[in-house]
Structure formats: C-alpha cells, structure tokens
There are 2 protein chains.
Amino acid sequence: MSKRKTVLVEEESMAAVAEREARPPVEAIRAAAFAQFAERGYPVVTVRDIMKACGLTQGALYNHFKSKDELLHDIIASTQGELERQCQQAVAGAGGDPCAELAAFVRVYVIRHCRLRIEALVANREIGWLDSARVADIRRSRRAIRDIVVTILRHGVEKGVFDPPRVDGKHDLKAMAMALLDQCTHVSMWYGPGGDLTEEQMAKLYTGMALRMVGAAPQPA
Amino acid sequence: MSKRKTVLVEEESMAAVAEREARPPVEAIRAAAFAQFAERGYPVVTVRDIMKACGLTQGALYNHFKSKDELLHDIIASTQGELERQCQQAVAGAGGDPCAELAAFVRVYVIRHCRLRIEALVANREIGWLDSARVADIRRSRRAIRDIVVTILRHGVEKGVFDPPRVDGKHDLKAMAMALLDQCTHVSMWYGPGGDLTEEQMAKLYTGMALRMVGAAPQPA
DNA sequence: AAACCTCCTGAACGACCGTTCACATTGGCC
DNA sequence: GGCCAATGTGAACGGTCGTTCAGGAGGTTT
C-alpha cells in the first residue's frame, strides 16, 4: 500500500514523507494546511487537499482537530499570540524613551512581517472565515497591539517628544496608530526577499517614516 | 405567482422589489452581488443567494453575465477604474507643486476609501478569486496608481521639496509609495462614520502624516 | 496470547455548488 | 391576430464538499 503510494504520488511525495517522519502528524497537518490556506485561501482548500499533502486521507484529520474551522483558528491564534508577545517585549526593552520605543516596535513588527509574511497574510486574510466565537480572542490581541502603539504615542506627546499632526487642533492617536499599523502590516502583502530592500533596510525605512509621521525630532540616520 | 412571492419572502422583499422596479435587472444583480460579497465573501456567496436577494431565480443570472466570475470582475473593475481616474484628476489639478500634488492625492484617496469603504474592501479582498486572465487589468491599474505616487515623490525629491528617510544613504521611493498607499487603502477596513473623525478630518490627518513621512516642509495646519 | 489503545483507511452520507436547458411569459411590431 | 426577441423559471446534471463511521494495522500492556 505504501509502495503503491510512493509510486502514484509524484512531485511532492518526498517532502510529504519527510515531513511525516520528521514530526508528529498534528504538526504536519498544521504545516500543510497553512501552506495551502496561504496559497489558495481557506474556503477553496478542501480537507482532502490538506491531508493528501501530508500523505494521509481525509478522515485522519478528525483524529487531531475537531473541524476544519478549528484547524484554521489554531494556525491563526498561534501566530497572533507570538506577535503580541514579541511586540510587548520589544517595547519593554526600549527603556522608556518614546522614540526608542516606537523605533523598537516598528523594527520588530516590520521585520516579523517581512520574514513571516505568509503567516501574517493568512492571519489577516482568512480571519473572516472563523465563526464568531473563535474570532473573539484574535480581535482582542489585535486591539492590545494597537493599544501598545497608542500608549507610546501618548507618552511621546505628553513628554513633548512627539508632535503629531492635528485636525481641528486635536490629535487622534488611535487613528494614527491604525495608520501606522496598517502600513507596517501590509508589508507582508508585497515584500519579497528578492526585491530592492533587505529586511533590515525595510525596518530602517519604516522606522524613519514612523518617527516622521509622529513629528519626532530628526534622528541621525 | 408574484402574489405568492410577496407573501412568502418576508424581511427583504420591500428592498428587493423596490430595486427590481427602480432599475434594470443587470444593475439589481450587480448591487445584490456586491452587497453579499462584501458581507460574506465571494466563494461562500452562491448564485442562488444573489438572485434571491433581487427577487429572481438562479438561472436568470446567465441572461446577464457569462459566469459568477465575470460578475465579480465587473464589480471590481468598475470600482478600480473610477479610483484610477479620480487619482489622476486630483494630481493633475494640483498645479505641479509636489506638496500640493501629494496632499491632493492623499485627500481624494482617503475620502474615497472612507466613503466607498465597502467597495474598496471587496475590490481588495476578493480580487484573488478572479482567474488570472481577468485579474491582469486590475493589477495594471494598481501599478498605475502606485506610479502616480512614485512620480510625485521623485519630483519632490528632485526639486528639494521632499527629504524622505534614507536607508544606507539611498531612497526607495517605490517602497515608500507602497507604505503610503497601504495606510490610506486600509482606512476602508476600520473607518466608520460613527467614529471619532469625519471623512474630512481623516483626509487632513492622513495628508499631514503623508507630508511628514516624505519630509516635506511643515505646513500651516 | 489476548486485550487494548492509537491512528489511519476509504466508502458512504446528505447537502449544496455553478451551470445548462427545455419551457413559460411578456411586450413590441408587422 | 401571429411572430419574434428578451427574459425568467425551476428541474436536472455532474461534481465536490465537510463530516462520520465501521473496520484494519501496529504497538504496548497485562
């Protein structure tokens, strides 16, 4: 039977077999599902597709996950959780200076979204397919990240280090935080390692833009 | 028969009937499809759903569109085309000064993405479902818009009006244009008219951020 | 050796998909 | 009146979907 399979399944059998033997099937399934969701989108990837990609049949999925939906949530939640953790850590390590905090945040956030752009793309694009119960904790984590940025901005303004644009005499730090996060997040939609800039250069560029956006004193570049 | 329908179909029949009688069915279909794609996403909205929403049955779709795919393309392409036209027009009317051009561009782009956020959301989120032949002209239009921004930035730098951040001594105007467009585009993902800012205030805020990003001389706010 | 547990198989289920088609129904035009 | 083109109907087609389940294979415990 396994002989028949190694004959019939052609181009991806090496990878599939390697994956199955290197790690427990739960992780092989996660990895295969992730790759296919990224490439083709959750609703058009079938359970059969996912399982075939890791050398199993449809039914085996349900030994490891309750449903296709839970599988997607599992993938997104783990990415999101680590993103939040990394953001907190970056800011905490910056020593309280708003400029340093903002720079550290943007740097970590951009580099992560360059390096793990596929993960970010899936998390952002496929989240809408989760049922409302499962989507709640993801949204909470996103709000938490946004609030980290808002806090940095507010401290900066209070200390007089930042001087962000006003509309009708007032700031809107929440909207600015959204704008900043939007531009950093969507790096994952177009950045490619073969392009003009390295991850490091992307981080520098985006840090520079962020500091200018908030009206920080010019940094030595 | 029509009597039976007005009795059976309950909560949306008023809207459906109003739409069917106010405009030709092609437009009613377009509108219904658009609304459902926006709310639930192209692949899970069925032809039956769309046609029921405008008081017809599945088969009637194919009197007006060749396929579900063509219907989606029709919706996205018309939005995209008008966006491109509006952007060109805004820049052309700014009189050649890079600051004014950038401000006019961002203003038009942001206000449009606040006001027609659902259209933008559909165009951005669902484009991936189009087959490759139909997606080509949409991508072309997006590149054209990006190049408008790149051109503004280049002129500004050449004239010494802009001083954007450098990485390793060099600009990357394409990456900056992407960052700027990303942040403006994704306003459509979170802006709501009930929020803290009006469209006009959003435009001011984003114009301010854009001018700072590129290192333009501070404007009187 | 027998019992047991974990994991996988692959047929089967009921539902729904996009699309087609033979057949009304309508309204203008000769 | 008869004719035609446009448009809608709803059954039907071939296919695929997520999920279930009876059964088999292999390893560990008793």
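# Two protein chains on two DNA strands

Student: A base nitrogen of DNA strand D is 3.2 Å from an N or O atom in a side chain. Which residue owns that side chain?
Tutor: Keep in mind that this is a predicted model. The cut-off for a polar contact is 3.5 Å. The 3.2 Å pair falls within that limit, and the side chain is that of Arg48(B).

Student: Which residue has a side-chain N or O atom 3.1 Å from a base nitrogen of DNA strand D?
Tutor: Chain B supplies this residue. The partner atom is a base nitrogen, and the side chain belongs to Asn63(B).

Student: Which residue has a side-chain N or O atom 2.6 Å from a phosphate oxygen of DNA strand D?
Tutor: Look at the residues closest to DNA strand D, among them Thr46(A), Lys68(A) and Thr57(B). Another residue of that closest group has its side-chain atom 2.6 Å from the phosphate oxygen: Tyr62(A).

Student: What share of the atoms of DNA strand D within 4 Å of the protein belongs to sugar or phosphate?
Tutor: The surface near DNA strand D has six nonpolar, nine polar and four charged residues. On the DNA side, bases make up the rest of the atoms within 4 Å, and the sugar or phosphate share is 59%.

Student: Turn to DNA strand C. How many residues surround DNA strand C?
Tutor: The closest come from both chains, including Thr57(A) and His64(A) on one side and Thr46(B) and Tyr62(B) on the other. Sugar and phosphate supply 58% of the strand C atoms within 4 Å of the protein. The number of surrounding residues is 19.

Student: Which residue places a polar side-chain atom 2.8 Å from a phosphate oxygen of DNA strand C?
Tutor: Val47(B) uses a backbone N or O atom, 3.0 Å from a phosphate oxygen of DNA strand C. Arg48(A) has a side-chain N or O atom 3.3 Å from a base nitrogen of this strand. The polar side-chain atom at 2.8 Å from a phosphate oxygen is on Lys68(B).

Student: How are chain A and chain B related?
Tutor: Chain A superposes on chain B after a rotation of 180° with 0.0 Å of shift along the axis, at an RMSD of 0.1 Å. The two copies are thus related as by a two-fold rotation axis.

Student: Which residue of chain A comes closest to the rotation axis?
Tutor: The distance is taken at the C-alpha atom. That atom sits 2.3 Å from the axis, in Gln183(A).

Student: How much area do chain A and chain B bury between them?
Tutor: The contact joins 34 residues of chain A to 34 residues of chain B. Carbon and sulfur atoms carry 67% of the buried area, and the total is about 3,000 Å².

Student: Which residue forms a salt bridge with Lys204(B)?
Tutor: There are two salt bridges between chain A and chain B. In this one, the closest N and O atoms are 3.3 Å apart, and the partner is Asp168(A).

Student: On the side of chain A that touches chain B, how many residues are nonpolar?
Tutor: Helices H9 (173-185), H10 (187-190) and H11 (199-213) of chain A each supply at least two residues of this side. The side also has six polar and nine charged residues, and the nonpolar count is 19.

Terms used:
Residues are numbered from 1 along each chain as its sequence is written. Chains are lettered from A and ligands numbered from 1 in the order in which they are written. This is a predicted model: local features need pLDDT of at least 70, side-chain atom pairs count only at pLDDT 80 or more; totals for chains, interfaces and linings use all residues. Side-chain values use heavy atoms; hydrogens and water are left out. Copies are superposed by least squares on the C-alpha atoms of residues with pLDDT of at least 70 in both. A residue is near a molecule or strand if one of its heavy atoms lies within 4 Å of it. A polar contact is a pair of N or O atoms within 3.5 Å; within protein, one must be able to donate a hydrogen and the other to accept it, and residues adjacent in sequence count only if both atoms are side-chain atoms. Contact means heavy atoms within 4.5 Å. Buried area is the accessible area (1.4 Å probe) that two parts lose on being put together, summed over both. A salt bridge is a side-chain nitrogen of Lys or Arg within 4 Å of a carboxyl oxygen of Asp or Glu. Helices (H or I, at least four residues) and strands (E, at least two) are DSSP runs, numbered from the N terminus. Ala, Val, Leu, Ile, Met, Phe, Trp, Tyr, Cys and Pro count as nonpolar, Asp, Glu, Lys and Arg as charged, and the others, Gly among them, as polar.
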